[in-house]
Amino acid sequence: FKAVEAAAQNVLQSAERTGRMVAMLRLLAEEGSPRQGGPLELGPALDKALARFSHQFGEGGIALEARLAPGVWVAAQEEELEQVWHHVLLNAVQALQ
């Protein structure tokens with residue numbers, strides 16, 4: 001039952017992320033809309049991405065460990081940063097299969 005619950009939570013988080021990305025794309029499509037990114041800490045976005053992929057790595061017997069110094073900031077939009085981590089981890093999963 002825990003595996004089903006974890007999978008359902010992953011689906012919910014992915015749907016919420018997709019909704020945020022669609023909203024961001026709509027804003028970007030508006031003429032004259034400035035595309036601004038604020039200072040974001042890398043760690044929390046990486047933690048979210050790791051949580052989404054932990055079951056996929058776990059199924060393959062692979063343990064994930066993030067070693068990122070606290071206080072590392074970038075100028076970016078949160079959804080874009082999450083998408084970058086998502087693609088990096090997705091590529092890793094696919095490479096290990």
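Helix α2 carries a kink of about 45°, centred on Phe53, where the bend at a residue is the angle between axes fitted to the seven residues ending there and the seven starting there. The model is a predicted one, in which local features need pLDDT of at least 70 and side-chain atom pairs count only at pLDDT 80 or more, while totals for chains, interfaces and linings use all residues. Residues are numbered from 1 along each chain as its sequence is written, and side-chain values use heavy atoms, with hydrogens and water left out.

The predictor's confidence in each residue is given as pLDDT, on a scale from 0 to 100. The protein averages a pLDDT of 76, and 82% of its residues score at least 70. Among the elements, helix α1 (residues 2–29) has the lowest mean pLDDT, 75, and α2 has the highest, 80. Where pLDDT is low, the predicted coordinates should not be read in detail.

The secondary structure comes to three helices and two strands, and from the N terminus on the elements run α-β-α-β-α. Helices (H or I, at least four residues) and strands (E, at least two) are DSSP runs, numbered from the N terminus. Contact here means heavy atoms within 4.5 Å; among contacts between residues at least 6 apart in sequence, 87% join residues at least 24 apart.

The kinked helix α2 has 18 residues and reaches 26 Å from its first C-alpha to its last, close to the 26 Å expected at 1.5 Å a residue, the expected span being 1.5 Å times one less than the number of residues. A residue is called buried under 20% relative accessible area, exposed over 50%, and partly exposed in between, with a 1.4 Å probe and protein chains only. By that reckoning the buried residues of α2 are Leu42, Gly43, Ala45, Leu46, Ala49, Leu50, Arg52, Phe53 and Phe57. Pro44, which also lies in α2, counts as partly exposed because its relative accessibility is 42%. The C-alpha atoms of Pro44 and Pro70, 26 residues apart along the chain, are separated by 9.6 Å. After α2 comes Gly61, whose phi is positive, near 75°.

From this helix the description can pass to the core. The largest nonpolar core has 13 residues, and those with the most contacts inside it are Phe53, Phe57, Leu81, Trp85 and Leu89. The elements that give two or more residues to this core are α2 (42–59) and α3 (78–96), and α2 gives the most, with seven residues. A nonpolar core is a set of buried Ala, Val, Leu, Ile, Met, Phe, Trp, Tyr and Cys residues joined through side-chain atoms within 4.5 Å. In soluble globular proteins, nonpolar side chains tend to be buried together. One of the core residues, Leu81, touches Leu40, Glu41, Leu42, Ala45 and Val74, not counting residues up to four places away in sequence.

Two other buried residues, Arg52 and His86, touch one another across the helices. Arg52 has its place in helix α2 and counts as buried because its relative accessibility is 6%. Leaving aside residues up to four places away in sequence, Arg52 touches Asn10, Gln13, Ser14, Arg17, Glu82 and His86. His86, placed in helix α3, counts as buried because its relative accessibility is 16%. With the same sequence neighbours left out, His86 touches Arg17, Ala49, Arg52 and Phe53, and Phe53 is also the residue on which the kink in α2 is centred.Strand β1 (residues 38–41) contains Pro39, which is exposed because its relative accessible area is 65%. Pro39 touches Trp73 and Val74, not counting residues up to four places away in sequence, and the C-alpha atoms of Pro39 and Ala76, 37 residues apart in sequence, are 6.4 Å apart in space. In the loop between α2 and β2 (73–76) lies Ala66, which is in contact with Leu46 and Leu50 when neighbours within four places in sequence are left aside.

For the protein as a whole, 24% of the 97 residues count as buried. The protein exposes about 6900 Å², of which carbon and sulfur atoms supply 59%, with accessible areas taken from the Shrake-Rupley method with a 1.4 Å probe and, for residues, only the protein chains shown counting as cover.
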